[in-house]
Amino acid sequence: SGTMALTVIKRNHRPYEATIEISSGGGAALAMDSGAMYANSGEGTDFNISLHNYGNISAENVMVEISSPSEHISIGEAVLYYGSIPVGASVSKSFPVYINGTVFNMEDLEFTLTITDNEKNWINYIPVHVSGPYLIIEDYFGETYPGETTFFSIDLLNDGTKLANN
């Protein structure tokens, strides 16, 4: 509990500064404490998600759902039961995830984690660092005219961290 100073910055914008009062309310307070996830496009992986109870009572019947609005991923088991998480404890579970080969290097897949217990809901953003190709048109040769056939050549540069196949 107490007062917290908040500063929000963004390139080419004025900083926003505010003061936030944090209450000493009781109860469970669950949050992801796993850090960033790493994945390769075109591969399956397990996201090992660890939850920590920062509150002052045990969290009971904890359910966790991982989701993403991206059509380029599939999640093997999106909802997992974490059970009870005592005060100050952490519990980890793995979510199987497949990242499609069309996902480019460092694409934001907007993964979120929805955590629920008997009393509250929490939503956490999951930072995922994707390694993959990132193709950029570097140059092109040829001219196109309506009704004509022409030779057209495109030079691509892979600015990603993974080889672009096929």
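**A sheet and a surface patch**

Let's start with one pair of residues: glutamate 65 stands opposite threonine 114, which lies in strand 10. Before going on, please keep in mind that this is a predicted model.

Where does that pair belong? Strand 6 covers residues 59-67 and strand 10 covers residues 111-116. The two pair in the antiparallel sense, over 5 bridges. As a bit of background, strands of a sheet pair through backbone hydrogen bonds, and they can do that either parallel or antiparallel.

Now let's widen the view. Strands 6 and 10 are part of an open sheet of 4 strands, and if you follow the order you read 8-6-10-11, with antiparallel pairing. Which strands stand at the edges? They are strand 8, residues 79-85, and strand 11, residues 121-126. Each has a single partner strand, so one side of each is left without a neighbour in the sheet. On average, neighbouring strands here are turned by 25° against each other, direction ignored.

Let's move on to the surface. There you'll find a nonpolar patch formed by Leu135, Ile137, Tyr140, Phe152, Ile154 and Leu156. Together they have about 630 Å² of accessible area. Two elements give two or more residues to this patch: strand 13, at 135-141, and strand 14, at 153-158. Which of them gives the largest share? That is strand 13, with 3 residues.

Let me finish with one member of the patch, isoleucine 154. You can find isoleucine 154 in strand 14. Its relative accessible area is 45%, so this residue counts as partly exposed: the class lies between buried, under 20%, and exposed, over 50%. Thanks for listening!

Notes
Residues numbered from 1 in each chain as written. Predicted model: local features only at pLDDT ≥ 70, side-chain atom pairs only at ≥ 80, totals over all residues. Heavy atoms only, no water. Patch = residues over 30% accessible without salt bridge, like charges linked within 9 Å, V, L, I, M, F, W, Y side chains within 5 Å. Areas by Shrake-Rupley, 256 points an atom, 1.4 Å probe, with all protein chains shown as cover. Salt bridge = Lys/Arg side-chain N within 4 Å of Asp/Glu carboxyl O. Buried < 20%, exposed > 50% of the residue type's maximum accessible area, 1.4 Å probe, protein only. Pairing = 2+ DSSP bridges. Axes fitted to C-alpha atoms, helices over the stretch in contact; angles between N-to-C directions.
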